[in-house]
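Me: I have a protein model to read for class. Could you take me through it?

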Amino acid sequence: MQVQVFGTRKCAETRKTLRFFAERRIKTHFVDLKTKAASVGELRRFAQRFGVESLIDRESKRYQNKGLGASHFGEDRWLTILSEEPLILKTPLVRFEQHVVVGHDPDTFLEWTVR
């Protein structure tokens with residue numbers, strides 16, 4: 001079993017998620033969004049399940065600094081923006097096989113581990 005986690009080292013929720021899997025000796029592939037952004041295709045997986053709105057962290061400094069508060073973009077444009085500006089994403093984004101989760105969700109993670 002290997003889980004892919006997108007996030008940043010500074011994000012407390014990402015650290016909790018990484019710790020959750022480490023405590024259970026589950027391999028994780030961590031993608032640091034500060035050094036490597038998620039692709040539009042990868043983000044689309046999460047958007048199809050939860051919607052683009054669930055991926056946008058409207059409270060982030062980067063979102064506010066970019067002046068996106070009054071923006072009304074379509075889904076494709078938002079996915080492009082999120083790919084180019086990954087610090088606007090809510091983190092962590094977690095993927096296991098075909099399953100995806102936005103945020104730290106230990107109940108769902110436990111479901112994955114008992115398979």
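Reply: What follows is a short conversation about this chain, from its overall form to single residues.

Me: What kind of model is it, and how are residues numbered?

Reply: This is a predicted model, in which local features need pLDDT of at least 70, side-chain atom pairs count only at pLDDT 80 or more, and totals for chains, interfaces and linings use all residues. Residues are numbered from 1 along each chain as its sequence is written, and side-chain values use heavy atoms, with hydrogens and water left out.

Me: How many helices and strands are there in the protein chain?

Reply: There are five helices and four strands. Both are DSSP runs numbered from the N terminus: helices are H or I with at least four residues, and strands are E with at least two. From the N terminus on, the order is β-α-β-α-α-α-β-β-α.

Me: How does the radius of gyration of the protein chain fit a compact globule?

Reply: The chain has 14 Å, which agrees with the value near 13 Å for a compact globule of 115 residues. The radius is taken over C-alpha atoms, and the globule rule is 2.2 Å times the number of residues to the power 0.38. Along the principal axes, the C-alpha atoms fill a box of roughly 45 × 25 × 20 Å.

Me: And how much of the protein chain is buried?

Reply: Of the 115 residues, 43% count as buried. Buried means under 20% relative accessible area, exposed over 50%, and partly exposed in between, with a 1.4 Å probe and protein chains only.

Me: Which residues of helix α4 are buried?

Reply: In α4, residues 75-84, the buried ones are Trp 78, Leu 79, Ile 81, Leu 82 and Ser 83. Their cover includes α2 (40-50) and α3 (61-65), where contact means heavy atoms within 4.5 Å.

Me: Switching to strands: why is β1 largely enclosed?

Reply: Five of the six residues of β1 (residues 2-7) are buried, so the rest of the structure largely encloses this strand. Strand β1 pairs with β2 (residues 27-32) in the parallel sense over six bridges; two strands pair if DSSP finds at least two bridges between them. Within this pair, Val 5 stands opposite Phe 30 in β2.

Me: Last one: where is Glu 53?

Reply: Glu 53 lies in the loop between α2 and α3. This residue is partly exposed, because its relative accessible area is 48%. Its C-alpha atom is separated by 9.9 Å from that of Leu 89, although the two residues are 36 residues apart along the chain.
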